[in-house]
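Here is a model to look over with someone new to it. Take a moment to turn it around before reading on.

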Amino acid sequence: MPGRKPLPHPDDPMVAAYFEHCAAGKLCFQRCTACGAWRHVPRIQCAQCGSPDWEWAESSGRGKLFSWTVCHQAMHPGFADEVPYAVAVVELEEGVRMVSGLRDVSFDSLALDLPLRVVFESAGEGVSLPYFTSV
Ligand SMILES: [Zn+2]
């Protein structure tokens, strides 16, 4: 019997804010206010210039497929109903790369630089998670 998927319950306020933006249907990343570099996952300091100053900025939600794998075995019971499924590394227009899942994309169409756009899917308990679909 399939279990429930684990949901994010971040203790870190920066990570919690990332998921609050997702719940509002916005894909937001940190942007350094000193040098303008975007970053993900949330962290306290810019890896480009070392500045601790940053702001939340909304991504266009558009990007391209940087890498992927197709999982044929569920490593958690909550994913048993979804195998096989693709796990993707998506490079957003802002230069940020993130790991996500794909929706409504056939495995046959997977190719480097495949244009993608974000979609949000409710995971329950007020949590929405970002996935990507082809443009
Ligand atoms: Zn910076």
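What follows walks through the barrel, then a hairpin, then some unusual backbone spots.

## Ground rules

This is a predicted model: local features need pLDDT of at least 70, side-chain atom pairs count only at pLDDT 80 or more, and totals for chains, interfaces and linings use all residues. Residue numbers start from 1 along each chain, following the sequence as written.

Helices (H or I, at least four residues) and strands (E, at least two) are DSSP runs, numbered from the N terminus. Two strands count as paired if DSSP finds at least two bridges between them.

## The barrel

Five strands close up into a barrel in the order β4-β5-β6-β8-β7, and the pairing is mixed. From one strand to the next, the twist averages 50°. For angles like this, axes are lines fitted to C-alpha atoms (for helices, over the stretch in contact), and values run from 0 to 180 degrees between N-to-C directions.

Let's go round some of the pairs. β5 and β6 run antiparallel over 5 bridges, and Val90 has Met98 in β6 as its bridge partner. Helix α1, residues 13-23, packs on the sheet and touches β7 and β8, its direction making about 65° with that of β8. Touching here means contact: two residues whose C-beta atoms, placed from the backbone, lie within 7 Å. β6 and β8 pair in the parallel sense, over 2 bridges, and Leu102 sits opposite Phe132 in β8.

## The hairpin

β7 and β8 pair in the antiparallel sense over 8 bridges. Arg117 is matched with Thr133 in β8. The two strands, β7 and β8, make a hairpin with 2 residues between them.

Glu125 lies in that turn and has a positive phi of about 55°, although Glu125 is not a glycine. Is Glu125 buried or exposed? It counts as exposed, because it has 9 C-beta neighbours inside 10 Å. The cut-offs are 20 or more other C-beta atoms within 10 Å for buried, 12 or fewer for exposed, and partly exposed in between, with C-beta atoms placed from the backbone.

## Other backbone oddities

Asp113 is another non-glycine residue with a positive phi, near 70°. Its place is the loop between β6 (97-102) and β7 (115-124). With 10 C-beta neighbours inside 10 Å, Asp113 counts as exposed.

Where are the cis peptide bonds? One joins His40 and Val41, with omega about 10°; Val41 lies in the loop between β2 (38-39) and β3 (54-58). Another joins Val83 and Pro84, with omega about -10°, and Pro84 is in the loop between β4 (62-71) and β5 (85-92).
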